[in-house]
Amino acid sequence: MKTKKEKRRKEKGPRKARIGRTGLRAAALAAAMILAVGCGSDDTPEGPQTRTVSNSGGADFGTVQECISASANGDTCLVYSGTYRQRIRFQGKAITVRSSAGPEKTIIDGREQGTVVTFDGNEDDDSILEGFTITNGRAVSGEDTVEHGGGIQLISAGPTIRDCILLENHAEGDGGGIYSFSTGSSPDIENVIFQGNTAAGQGGALCVVYGKVDLVNCLFSENEAADGGAISGRYGADVVLSNCTLQGNSASAQAGALYLLNAKSEWTNSICFFHSSPPGGTMVLDLDPQQVGSTSLSLSHVDLQGGTGEVGLTSNCNAQPSLCSLQSENILDADPRFVPLTLVEPEETPWTAFYLSEPDTLRSDQQQLGRSPCVDAGDRTAEEAGLEEDTTRTDGIQDEGTVDLGYHYAVPSS
Ligand SMILES: [Ca+2]
């Protein structure tokens with residue numbers, strides 16, 4: 001899994017904006033160097049630095065936080081495999097914190113002591129968290145803790161979170177996996193798996209209050225909450241999903257998949273199946289008439305169990321239909337024919353991958369299932385979706401032609 005993603009990352013390289021800013025930084029450093037030399041300073045000017053982290057020795061630092069504290073904008077913390085039992089804060093720095101061996105082998109374990117990763121320093125997309133499993137976060141009210149965002153909490157921050165697994169985090173409030181708050185928050189979340197996260201309130205995997213969250217190629221599986229088993233958006237939130245799979249999430253009060261209150265959400269090329277919630281819909285549009293704003297949901301090329309009949313409107317929405325809207329096109333309501341494969345990592349935890357059935361593979365069980373209706377059901381090519389090197393197939397053959405719906409896996413290394 002990791003190798004393919006690393007390859008893709010390498011080929012795509014860092015974002016252009018980041019290269020541009022790094023270039024400016026380099027120019028500024030060069031100017032500083034000339035000044036420093038001119039003044040006879042002994043300081044040795046340095047460009048962007050990469051520092052290493054290992055909890056078994058042989059690296060610059062033993063903890064991720066020590067490395068972050070020592071880093072300046074443009075620097076990288078390269079974290080070697082291991083389980084790091086700690087919580088980290090980005091401190092507003094435009095740095096990359098990434099693992100060398102991928103999320104299965106590099107785990108940040110919050111030990112149920114609080115939120116595992118905090119972004120609360122106006123970070124933008126030059127602050128990058130990449131290649132970790134984030135687990136055992138626990139958001140509870142307390143002197144040193146908050147009740148929202150068990151795995152990751154974002155307050156006025158828009159970092160890039162990439163190639164991570166949010167596994168079994170919990171919030172006493174909202175957002176078991178991730179809680180994103182404030183109009184200034186606009187994280188980019190790419191290739192992230194949300195598995196088994198829970199919230200006593202809203203959004204078992206993700207809760208967004210104000211601000212915009214972009215989710216590309218993410219998997220939400222078996223997350224639980226009272227409202228919005230997988231995702232909740234409130235009060236001006238804008239939750240955009242493309243090529244995401246939501247499966248088996250559940251809600252005890254309402255909306256196993258998605259709950260929206262004075263918020264909007266747009267879904268493209270995605271799958272939403274096998275959810276559990278009380279009657280009223282897998283997706284629920286709600287309206288708080290005491291607050292400004294409206295609620296809207298747009299679905300395009302989505303395989304949605306029950307079709308748009310599973311999009312429910314609350315009585316407040318029904319009372320003001322002009323403020324609650326659903327737009328949909330190319331909705332499928334067909335069993336996606338997942339081929340669940342049991343994976344036994346990270347840390348020996350068995351869990352399931354959701355590939356799409358493809359009878360052209362040599363697996364006899366898939367030949368009986370037939371081809372998943374989600375294959376080639378997207379609105380653009382795999383290349384246009386940036387997923388031409390990833391796969392929905394158990395044999396790892398890359399997606400070609402029209403993009404398949406839902407989450408794509410990295411192609412295993414041969
Ligand atoms: Ca395809």
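Over which residues does pLDDT stay under 50? Here are some notes on that and on the rest of the fold, which I hope are handy as you look through the coordinates.

1. **Confidence first.** This is a predicted model, so let me start with the answer: pLDDT stays under 50 over residues 1–42. For that stretch the model has 35 contacts beyond four places in sequence. Where pLDDT is low, the predicted coordinates should not be read in detail. The chain as a whole averages a pLDDT of 88, and 87% of the residues score at least 70.

2. **Overall make-up.** The protein chain holds 5 helices and 36 strands. Of its 414 residues, 51% are buried. If you take the contacts between residues at least 6 apart in sequence, 71% of them join residues at least 24 apart.

3. **The nine-stranded sheet.** One open sheet is built from 9 strands with parallel pairing, and their order is β4-β7-β11-β15-β19-β23-β27-β29-β31. Its edges are β4 (88–89) and β31 (311–313); each has a single partner strand, so one side of each is left without a neighbour in the sheet. Further in, β27 (residues 258–261) pairs with β29 (residues 283–286) in the parallel sense over 4 bridges. L261 has D286 of β29 as its bridge partner.

4. **Strands β1, β2 and β5.** Strand β2 (residues 76–79) shows an alternating pattern: C77 and V79 point to one face and are buried, while T76 and L78 point to the other face and are not. That fits the usual picture, since in a regular strand the side chains alternate between the two faces of the sheet. Strand β1 (residues 50–53) runs parallel to β2 and is joined to it by 4 bridges, with L78 in β2 as the bridge partner of T52. Between these two strands the chain passes through helix α3 (residues 64–70), and this β-α-β crossover is right-handed. Strand β2 also pairs with β5 (residues 96–99), again in the parallel sense over 4 bridges. In that pairing, C77 stands opposite V97 of β5.

5. **Strand β30 and its partners.** How many of the 10 residues of strand β30 are buried? The count is 7 of the 10 in β30 (residues 295–304), so this strand is largely enclosed by the rest of the structure. Strand β28 (residues 264–273) runs parallel to β30, and 8 bridges join them; here W267 stands opposite L299. Strand β32 (residues 324–332) pairs with β30 in the parallel sense, also over 8 bridges, and V302 has I331 of β32 as its bridge partner.

6. **An exposed residue on β32.** E329 lies in strand β32. It counts as exposed, with 10 C-beta neighbours inside 10 Å. Its C-alpha atom is separated by 8.5 Å from that of S298, although the two residues are 31 apart along the chain.

7. **The nonpolar core.** The largest nonpolar core has 98 residues, and those with the most contacts inside it are V64, I108, L166, F194 and C218. It draws at least three residues from each of domain 1 (114–332) and domain 2 (335–414). For a closer look, try F194: leaving aside neighbours within four places in sequence, F194 is in contact with L166, G177, A205, L206, C218, L219, F220 and N223.

8. **Two positive phi values.** Most residues other than glycine have a negative phi, and most peptide bonds are trans. Two residues here are worth checking against that background. S156 has a positive phi, near 50°, and is not a glycine; it is found in the loop between β11 (152–155) and β12 (160–162). F274, also not a glycine, has a positive phi of about 60° and is found in the loop between β28 and β29.

9. **Surroundings of those two residues.** Is F274 buried or exposed? With 20 other C-beta atoms within 10 Å, F274 is buried; the cut-off for that class is 20 or more. S156 has 18 other C-beta atoms within 10 Å and is partly exposed.

Key:
Residues are numbered from 1 along each chain as its sequence is written. This is a predicted model: local features need pLDDT of at least 70, side-chain atom pairs count only at pLDDT 80 or more; totals for chains, interfaces and linings use all residues. Two strands pair if DSSP finds at least two bridges between them. A residue is buried if 20 or more other C-beta atoms lie within 10 Å of its own, exposed if 12 or fewer, and partly exposed in between; C-beta atoms are placed from the backbone. A crossover is right-handed if, with the strands pointing away from the viewer, the path from the first strand over the helix to the second runs clockwise. Two residues are in contact if their C-beta atoms, placed from the backbone, lie within 7 Å. A nonpolar core is a set of buried Ala, Val, Leu, Ile, Met, Phe, Trp, Tyr and Cys residues joined through C-beta atoms within 7 Å. Domain bounds come from an automatic or database domain assignment. pLDDT is the predictor's confidence in each residue, from 0 to 100.
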